[in-house]
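Please examine the sequence and the model below. The paragraphs that follow lead through selected side chains and then through the arrangement of the strands.

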Amino acid sequence: MDPAGRVLGRHHGAIRYTVGQRKGLGVACAHPVYVTGIDATTNTVTLGEVEDLMAGGLIADDWIWSAPARIMEELLDEGGGKGLPVSAKIRYRHPAQPARLRRSPSAEGEMELIFDEPERGIAPGQAVVVYAGDIVLGGGTVVRAI
């Protein structure tokens, strides 16, 4: 379906698609379209423009620190509402991007990562890893893009 909920075609299972996918969608459109959302519960795949894939940040849970947790918690406290400056990867072969990390203000145990520039194709279930230079600080699992 499109972002307005209009049916564009039929598929053989939402599990066969990934956010950001452009090829093999089986839909003819006058311009390129991308998978912008997947709902396994309703078995729907939403298609949209490349702009619909862009997000300024993400919320992640299942966070694990590689650096000592006590030190990371202190650094997060020092960063306050602005967050801790880090670089972050949302894909293995994707270069790390500058961002700010802080505890999520909306849910206990979640982290909020705000990128300096919007990122393309952030999807629930992806891993996110944060760095200080070449040092891995920690990582988690994307809950949603923001």
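In this predicted model, the charged end of Lys89 lies over the ring of Tyr92, at 6.0 Å from the ring centre. Lys89 is also the residue at which strand 4 (84-89) ends.

A second side-chain feature concerns aromatic rings. The count of aromatic pairs comes to one. The pair consists of Trp63 and Trp65, whose ring centres are 5.7 Å apart. Their planes meet at 65°, and because an angle over 60 degrees counts as edge-to-face, the pair is assigned to that class. Are these two residues buried or exposed? Trp63 is buried, with a relative accessible area of 15%, and Trp65 is likewise buried, at 17% relative accessibility; the cut-off for this class is under 20%.

Both tryptophans belong to strand 3, which spans residues 54-65. How does this strand fit into the fold? Six strands close into a barrel, and their order is 3-6-5-4-7-8, with antiparallel pairing. From one strand to the next, the twist averages 45°. In general, strands of a sheet pair through backbone hydrogen bonds. Strand 3 and strand 8 (residues 135-145) are joined by six bridges in the antiparallel sense. Within this pairing, Leu58 stands opposite Ala145 of strand 8.

Helix 1, comprising residues 69-79, packs on the sheet. The helix touches strand 3, strand 4, strand 5 (97-103), strand 6 (111-120) and strand 8. The direction of helix 1 makes about 95° with that of strand 5.

Note on methods. Residues numbered from 1 in each chain as written. Predicted model: local features only at pLDDT ≥ 70, side-chain atom pairs only at ≥ 80, totals over all residues. Heavy atoms only, no water. Phe/Tyr/Trp six-rings, centres within 6.5 Å; stacked < 30°, edge-to-face > 60°. Buried < 20%, exposed > 50% of the residue type's maximum accessible area, 1.4 Å probe, protein only. Lys NZ or Arg CZ within 6 Å of the ring centre and 35° of its normal. Pairing = 2+ DSSP bridges. Helix = DSSP H or I, 4+ residues; strand = E, 2+ residues; numbered from the N terminus. Axes fitted to C-alpha atoms, helices over the stretch in contact; angles between N-to-C directions. Contact = heavy atoms within 4.5 Å.
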